[in-house]
Amino acid sequence: RRHFPGIEPVIVPHEDDAALADPPPSAPPPDGRCRVVVIGAIGIEKGYDVLLACARDAQARGLPLDFVVVGHSIDDARLMDTGQVFVTGEYRAEDATALIRAQRASLALLPSICPETWCFTLTEAWRAGLAAVAFDIGAPAERIRRTGRGTVLPLGLSPPAINNALFTAAGLLRNE
């Protein structure tokens with residue numbers, strides 16, 4: 001506004017979230033574990049450190065919690081060394097929804113620590129029938145609040161609190 005005082009911006013979303021049909025929910029894993037997908041190329045800004053800390057907490061507390069990175073990360077080996085993370089590897093965009101559904105996840109986690117202006121992986125999670133958990137920053141939080149298709153967490157929450165929130169969001173309450 002300072003540089004262009006006479007111009008009013010028009011904001012148009014990439015897609016209409018309300019137009020996304022509610023797909024049938026994916027079947028949860030039969031073993032009673034909470035399986036969480038993290039979609040995309042997970043670098044520092046996309047929450048790699050958050051994911052690693054949550055996986056380490058799950059390992060330390062012996063939680064029945066598994067993370068599946070549908071995609072890859074900046075250091076897959078460190079994630080997998082926790083015994084709580086599986087990584088599918090890179091995928092083609094047209095295969096995303098089917099690959100996410102194939103994981104039989106309880107929900108999706110978007111651990112981004114930087115605000116985003118849209119978030120294509122949130123749309124993919126919803127197309128796969130999953131509710132999403134994201135931090136309270138940027139467009140993913142706004143979209144989740146607007147649609148009610150997930151849970152918004154405070155940015156900076158501790159890994160144990162995030163993991164506990166994942167169980168709650170998945171409807172798998174724990175006594176801890």
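Okay, let's start with Cys119, which counts as buried because its relative accessibility is 5%, and the cut-off for buried is under 20%. You'll find Cys119 in the loop between β4 and α4. Keep in mind that what we're looking at is a predicted model. Now, the backbone here: phi of Cys119 is near 110°, a positive value in a residue other than glycine. Why point that out? Most residues other than glycine have a negative phi.

There's another one like that. Arg104 also isn't a glycine, and its phi is positive, about 50°. Arg104 sits in the loop between α3, residues 96–102, and β4. Buried or exposed, or something in between, for Arg104? With a relative accessible area of 37%, Arg104 is partly exposed.

While we're on cysteines, how many disulfides does the count come to? The count is 0. Just as a reminder, a disulfide is a covalent bond between the sulfur atoms of two cysteines. Take Cys54: the nearest cysteine sulfur belongs to Cys34 and is 11 Å away, and Cys54 is in no disulfide. The cut-off for a disulfide is sulfur atoms within 2.5 Å, so that pair doesn't make it. Cys54 is also buried, at 0% relative accessibility. Then there's Cys114, again in no disulfide, where the nearest cysteine sulfur is that of our friend Cys119, 12 Å away. Cys114 is partly exposed, with a relative accessible area of 35%.

Right, on to the sheet. If you look at the structure, 6 strands form an open sheet, and reading across, the order is β3-β2-β1-β4-β5-β6. The pairing is parallel. In general, strands of a sheet pair through backbone hydrogen bonds, either parallel or antiparallel. So which strands stand at the edges? Those are β3, residues 85–87, and β6, residues 150–153. Each has a single partner strand, so one side of each is left without a neighbour in the sheet. The sheet isn't flat like a board, either: on average, neighbouring strands are turned by 25° against each other, ignoring direction.

Helix α1, residues 48–61, packs on this sheet, and it touches β1 (34–42), β2 (65–73), β3 and β5. The direction of α1 makes about 150° with that of β2.

Let's zoom in on β4. On one side, β1 and β4 run parallel and are joined by 2 bridges. One example there is Val36, whose bridge partner in β4 is Leu107. On the other side, β4 pairs with β5, parallel again, over 3 bridges. Here Leu109 stands opposite Val133 in β5. And β5, residues 132–135, pairs in turn with β6 in the parallel sense over 4 bridges. In that pairing, Ala132 has Gly150 as its bridge partner in β6.

Which way do the side chains of β4 go? In a regular strand, the side chains alternate between the two faces of the sheet. In β4, Leu107 and Leu109 point one way while Ala108 and Leu110 point the other way, and all of them are buried.

Let me pick Ala108 out of that group. This residue of β4 is buried, at 0% relative accessibility. Leaving aside residues up to four places away in sequence, Ala108 touches Val36, Val37, Ala125, Leu130, Ala131, Ala132 and Val133.

Last stop, the helices α4 and α5. The axes of α4, residues 120–127, and α5, residues 138–147, come within 10 Å and cross at roughly 35°. The crossing is right-handed. Who meets whom? From α4 it's Leu122, Thr123 and Trp126, and they meet Pro140, Arg143, Ile144 and Thr147 in α5. Sort the residues of that contact by type and you get 4 nonpolar, 2 polar and 1 charged.

The buried residues of α5 are Ala139, Pro140, Ala141, Arg143 and Ile144. Here's a handy bit of helix geometry: an α-helix has 3.6 residues a turn, so residues three or four places apart point the same way. And what covers the buried residues of α5? The cover includes β4 (107–110), α4, β5 and β6. Then, just after α5, Gly148 takes a positive phi of about 75°. Unlike Cys119, a residue other than glycine, this one is a glycine. That's it from me, thanks!

How values were computed
Residues are numbered from 1 along each chain as its sequence is written. This is a predicted model: local features need pLDDT of at least 70, side-chain atom pairs count only at pLDDT 80 or more; totals for chains, interfaces and linings use all residues. Side-chain values use heavy atoms; hydrogens and water are left out. Axes are lines fitted to C-alpha atoms, for helices over the stretch in contact, and angles run from 0 to 180 degrees between N-to-C directions. A crossing is left-handed if the near helix is turned anticlockwise from the far one by less than a right angle, and right-handed if clockwise. Contact means heavy atoms within 4.5 Å. Ala, Val, Leu, Ile, Met, Phe, Trp, Tyr, Cys and Pro count as nonpolar, Asp, Glu, Lys and Arg as charged, and the others, Gly among them, as polar. Two strands pair if DSSP finds at least two bridges between them. Buried means under 20% relative accessible area, exposed over 50%, partly exposed in between (1.4 Å probe, protein chains only).
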